[in-house]
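Biologist: Got a minute to go through this one with me? I'd like to ask some questions while we look at it.

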Amino acid sequence: LLGVDTPETMVEGGPPECFAAEAASYTAGRLPVGTTVRMERDVVGRDDYGRLLAYVYRADDGALINEELVRLGFARPLWIEPNGILRPRIVAAARAAEREGLGLWAACAG
């Protein structure tokens with residue numbers, strides 16, 4: 001999911017990151033196996049590991065999952081240039097979530 005950084009559930013030699021289980025569960029609930037999505041690429045389409053980088057829209061309602069995760073406090077923005085077409089939108093969602101103390105902004109303070 002381009003432009004977002006969710007807490008890691010698998011950390012070598014350590015416990016999952018704060019709010020990782022909640023973020024994974026929420027994402028799985030919003031995108032269950034078989035969900036039809038539309039993906040939109042940015043400037044760079046794959047990362048150094050060959051993973052597809054995309055903004056993911058759920059087909060049934062057009063929800064931008066990347067933005068939704070950030071807006072509800074399940075992820076923080078993460079940008080690696082030159083990608084960034086939706087940066088202002090996702091950053092605004094993060095500021096709102098932080099201001100409202102949602103999700104990881106409340107659970108992982110410090």
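Biologist: Which residue is joined to Cys 18 by a disulfide?

Modeller: Bear in mind that this is a predicted model. The structure holds 1 disulfide, and its S to S distance is 2.0 Å. The partner of Cys 18 in that bond is Cys 108.

Biologist: How many residues apart in sequence are the parts that this pair ties together?

Modeller: Cys 18 sits in the loop between strand 1 and helix 1, while Cys 108 belongs to the segment after helix 4 (104–107). The disulfide therefore links parts whose separation in sequence is 90 residues.

Biologist: And is the disulfide of Cys 18 and Cys 108 left-handed or right-handed?

Modeller: Look at the torsion about the S-S bond, which is about -90°. That sign settles the matter, so the disulfide is left-handed.

Biologist: Is Cys 108 buried or exposed?

Modeller: Its partner Cys 18 has a relative accessible area of 39%, so that one is partly exposed. Cys 108 comes in at 19%, and the cut-off for buried is under 20%. So Cys 108 counts as buried.

Biologist: Next door in the sequence, what is the phi of Phe 19 near?

Modeller: Phe 19 lies in the loop between strand 1 (4–5) and helix 1 (20–30), and with a relative accessible area of 16% it is buried. Most residues other than glycine have a negative phi. Phe 19 has a positive one, near 75°.

Biologist: Which peptide bond is cis, with omega near 10°?

Modeller: Most peptide bonds are trans. For the cis one, head for the loop between strand 4 (76–77) and helix 3 (87–100), where Pro 82 is found. With omega near 10°, the cis bond is the one from Glu 81 to Pro 82.

Biologist: What about the surface: which residues make the nonpolar patch of about 230 Å²?

Modeller: One of them is Val 37, in strand 2 (residues 37–40). At 34% relative accessibility, Val 37 is partly exposed, and patch members need over 30%. The full set is Val 37, Met 39 and Leu 52.

Biologist: Zooming out, what is the radius of gyration of the chain?

Modeller: The C-alpha atoms fill a box of roughly 35 × 35 × 30 Å along the principal axes. For 110 residues, a compact globule would be near 13 Å, and the chain agrees with that. Its radius of gyration is 14 Å.

Biologist: Last one: in what order do the elements run from the N terminus on?

Modeller: The chain has 4 helices and 4 strands to place. Read from the N terminus, the order is β-α-β-β-α-β-α-α.

Notes: Residues are numbered from 1 along each chain as its sequence is written. This is a predicted model: local features need pLDDT of at least 70, side-chain atom pairs count only at pLDDT 80 or more; totals for chains, interfaces and linings use all residues. Side-chain values use heavy atoms; hydrogens and water are left out. Patches are made of residues with over 30% relative accessible area and no salt bridge: like charges are joined within 9 Å, nonpolar side chains (Val, Leu, Ile, Met, Phe, Trp, Tyr) within 5 Å. Accessible areas come from the Shrake-Rupley method with a 1.4 Å probe; for residues, only the protein chains shown count as cover. A salt bridge is a side-chain nitrogen of Lys or Arg within 4 Å of a carboxyl oxygen of Asp or Glu. Helices (H or I, at least four residues) and strands (E, at least two) are DSSP runs, numbered from the N terminus. Buried means under 20% relative accessible area, exposed over 50%, partly exposed in between (1.4 Å probe, protein chains only). The radius of gyration is taken over C-alpha atoms; the globule rule is 2.2 Å times the number of residues to the power 0.38. A disulfide is a pair of cysteine sulfur atoms within 2.5 Å.
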